[in-house]
Amino acid sequence: PNVSITSPRMGATVSGRIPIEGTARNDRFQFYKVELGQGPEPKRWSVVSDLHRAPVIGGVLEEFDTTSVPNGLYWLQLVVVDQTGNFPPPCRVRIQVEN
């Protein structure tokens, strides 16, 4: 519940500029980031925009312009890092980009 993406939902087809919504917090919060990986099992992840230094509870985590990537299968990954540099398992959501 402290690391969750609620929108888009798993398996959603998306296009254009979309909000990524959810919750990013923990007891010793330092920052969170939303990453994007391409294909069914991404080998590399890239940060969608930037690191975010304020926790979010049930709100917009990031805006993603899907026109910046080719159509296809992607994963969104939310990583919340604490002040010691540790992080719980990331929340991942598979999406299909079709612009």
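The following exercises, each with a worked solution, concern a predicted model of a single protein chain.

**Exercise 1. The overall fold**

Determine which secondary structure elements the chain contains, and state how its radius of gyration relates to the globule rule.

Solution. Begin with the elements: the chain has zero helices and eight strands. In sequence order, they give the pattern β-β-β-β-β-β-β-β. Next, take the radius of gyration, which is 13 Å and close to the 13 Å that the globule rule gives for 99 residues, so the chain is as compact as a globular protein of that length. Along the principal axes, the C-alpha atoms fill a box of roughly 40 × 25 × 20 Å.

**Exercise 2. Burial, contacts and charge in the chain**

Establish what share of the residues is buried, what share of the contacts joins residues 24 or more positions apart, and how the charged side chains are distributed.

Solution. First, of the 99 residues in the chain, 40% are buried. Second, consider the contacts with a separation of 6 or more: residues 24 or more positions apart account for 65% of them. Third, the chain exposes about 5600 Å², of which carbon and sulfur atoms supply 47%. Finally, there are 10 positive and 10 negative side chains, and the centres of these two sets lie 5 Å apart.

**Exercise 3. The surroundings of Gln77**

Decide whether Gln77 is buried or exposed, and identify the side chains with which its own side chain makes polar contacts.

Solution. Locate the residue first: Gln77 belongs to strand S7, which spans residues 72-82. Its relative accessibility is 5%, and buried means under 20%, so Gln77 counts as buried. The side chain of Gln77 makes a polar contact with the side chain of Glu35 at 2.5 Å. A polar contact also joins the side chain of Gln77 to that of Arg92, at 2.5 Å. Residues up to four places away in sequence being left out, Gln77 touches Ile5, Lys33, Val34, Glu35, Trp45, Pro90, Cys91 and Arg92.

**Exercise 4. Three residues of strand S3**

Classify Thr23, Pro19 and Glu21 by accessibility, and find the residues that each one touches.

Solution. Thr23 lies in strand S3, residues 17-24. Pro19 is placed in strand S3, as is Glu21.

- Thr23 has a relative accessible area of 10%; the limit for buried is under 20%, so Thr23 is buried. The side chain of Thr23 reaches the backbone nitrogen of Gly58 at 3.0 Å. Beyond its neighbours within four places in sequence, Thr23 is in contact with several residues, among them Pro1, Val3, Gly58 and Leu78.
- Pro19 has 32% relative accessibility, which lies between 20% and 50%, so Pro19 counts as partly exposed. With residues up to four places away set aside, Pro19 touches Ser7, Pro8, Val60, Glu62 and Glu63. The C-alpha atoms of Pro19 and Ser46, 27 residues apart along the chain, are separated by 17 Å.
- Glu21, at 30% relative accessibility, counts as partly exposed. The C-alpha atom of Glu21 is 5.3 Å from that of Leu61, although the two residues are 40 residues apart along the chain. The residues that Glu21 touches include Ser4, Ser7, Gly59 and Leu61.

**Exercise 5. The peptide bond before Pro8**

State the form of the peptide bond from Ser7 to Pro8, and say where Pro8 is placed.

Solution. The bond from Ser7 to Pro8 is cis, with omega near 0°. Pro8 is situated in the loop between strand S1 (3-7) and strand S2 (12-14). Two residues treated in these exercises touch Pro8: Pro19 and Ile95.

**Exercise 6. Val56 and Ile95**

Find the strand and the burial state of Val56 and of Ile95, then examine their surroundings.

Solution. Val56 is in strand S6 (residues 56-65), and with a relative accessible area of 15% it is buried. Val56 and Tyr32, 24 residues apart in sequence, have C-alpha atoms 9.2 Å apart. Tyr32 is also one of the residues that Val56 touches, along with Gly22, Thr23, Ala24, Arg25 and Leu61.

Ile95 is in strand S8 (residues 91-97), and at 1% relative accessibility Ile95 counts as buried. The contacts of Ile95, with neighbours within four places left aside, include Ala12, Val14, Phe64 and Leu76. Between the C-alpha atoms of Ile95 and Pro42, which are 53 residues apart along the chain, the separation is 13 Å.

Methods:
Residues numbered from 1 in each chain as written. Predicted model: local features only at pLDDT ≥ 70, side-chain atom pairs only at ≥ 80, totals over all residues. Heavy atoms only, no water. Helix = DSSP H or I, 4+ residues; strand = E, 2+ residues; numbered from the N terminus. Buried < 20%, exposed > 50% of the residue type's maximum accessible area, 1.4 Å probe, protein only. Polar contact = N/O pair within 3.5 Å; in protein donor to acceptor, adjacent residues only side chain to side chain. Contact = heavy atoms within 4.5 Å. Rg over C-alpha atoms; globule rule 2.2 N^0.38 Å. Areas by Shrake-Rupley, 256 points an atom, 1.4 Å probe, with all protein chains shown as cover. Lys, Arg positive; Asp, Glu negative; His and termini not counted. Charge placed at Lys NZ, Arg CZ, Asp CG, Glu CD.
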